[in-house]
Amino acid sequence: MSTLSSEAEEGCLQRLRDGDDEATERFVRTHIARVRAVVRRILKDSADVDDVVQVAFMKALRALPDFEGRSKLSTWLHRIAVNAALSHLRRLPKVSSTP
C-alpha cells in the first residue's frame, strides 16, 4: 500500500469525487489488500469476505461527498470496512451453542 502526501491525497480525493474512473480504479487497487485483510480478520473463514469488501468500497465511494478530511482517506476507508464486516456479522443467523 502506498502512502500519499496530503497534497496528493487531496488531488486523488477530488478526482474520486468527480467520478474519475481511473482514480476510482487506482483507489481500489491501492487499498483492496488492506480492506480484504481487515474484513477477513473480522469474518474469519467466511465465504462472504469478497462480498463485504465490495460493499465497503461501494459505501465509501457513495460517501465521498461527506468525507471531511479530518483523517486520512485510508483510515476512513478502514472504518467503513470494519463497519461493513460487523454489520454483516449482525445479519447472520444466531447459532446456539447448547444442544
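In this predicted model, S74 sits in helix α4. Is S74 buried or exposed? Its relative accessible area is 10%, and a residue counts as buried when that value is under 20%, so S74 is buried. Leaving aside residues up to four places away in sequence, S74 touches H31 and R34. H31 and R34 of α2 also appear, together with S74 of α4, among the residues that make the contact between these two helices.

The surroundings of S74 can be placed within the chain as a whole. The protein chain contains four helices and zero strands, and its pattern along the sequence reads α-α-α-α. Of its 99 residues, 31% are buried. The chain exposes about 6,700 Å², with carbon and sulfur atoms supplying 52% of that area. How much of the contact between residues at least 6 apart in sequence joins residues at least 24 apart? The share is 65%.

The helix that holds S74 packs against α2 at an angle of about 40°, and the two axes lie 9 Å apart. Helices α2 and α4 are therefore oblique to each other, and α2 passes α4 in a right-handed crossing. On the α2 side, the contact is made by F27, H31, R34, V35, V38, V39, I42 and L43. The α4 side contributes L73, S74, T75, L77, H78, A81, V82, A85, L86, H88 and L89. Sorted by class, the contact of α2 with α4 has 13 nonpolar, five polar and one charged residues.

Helix α2, which spans residues 21–43, also holds V28. With a relative accessible area of 24%, V28 is partly exposed. How far apart are V28 and Q54 in sequence and in space? They are separated by 26 residues in sequence and by 9.8 Å in space, taken from C-alpha to C-alpha.

V28 takes part in the packing of α2 against α3. Here the angle is about 130°, with the axes 9 Å apart. This arrangement too is oblique, because an angle over 145 degrees would be needed for roughly antiparallel, and α2 and α3 are therefore described as oblique to each other. Their crossing is right-handed. The residues of α2 in this contact are T24, F27, V28, H31, I32, V35, R36, V39, R40 and L43, and those of α3 are V49, D50, V52, V53, A56, F57 and L61. By class, the contact of α2 with α3 has 12 nonpolar, two polar and three charged residues.

The remaining packing to describe joins α3 and α4. Helix α3 covers residues 49–63 and helix α4 covers residues 73–91. They pack at an angle of about 130°, their axes being 9 Å apart, and are therefore oblique to each other. The crossing of α3 and α4 is right-handed. From α3, the contact draws on V52, V55, A56, F57, K59, A60 and A63, while α4 supplies W76, L77, I80, A81, A84, A85 and H88. These residues divide into 12 nonpolar, one polar and one charged.

Some residues recur across these descriptions. H31, for example, touches S74, and belongs to the contact of α2 with α3 as well as to that of α2 with α4. On α4, L77 is listed in the contact with α2 and in the contact with α3. F57 of α3 is likewise found in the contact with α2 and in the contact with α4.

Terms used:
Residues numbered from 1 in each chain as written. Predicted model: local features only at pLDDT ≥ 70, side-chain atom pairs only at ≥ 80, totals over all residues. Heavy atoms only, no water. Buried < 20%, exposed > 50% of the residue type's maximum accessible area, 1.4 Å probe, protein only. Contact = heavy atoms within 4.5 Å. Areas by Shrake-Rupley, 256 points an atom, 1.4 Å probe, with all protein chains shown as cover. Axes fitted to C-alpha atoms, helices over the stretch in contact; angles between N-to-C directions. Parallel < 35°, antiparallel > 145°, perpendicular 65-115°, else oblique. Left-handed = near helix turned anticlockwise from the far one by under 90°. Nonpolar A, V, L, I, M, F, W, Y, C, P; charged D, E, K, R; others polar.
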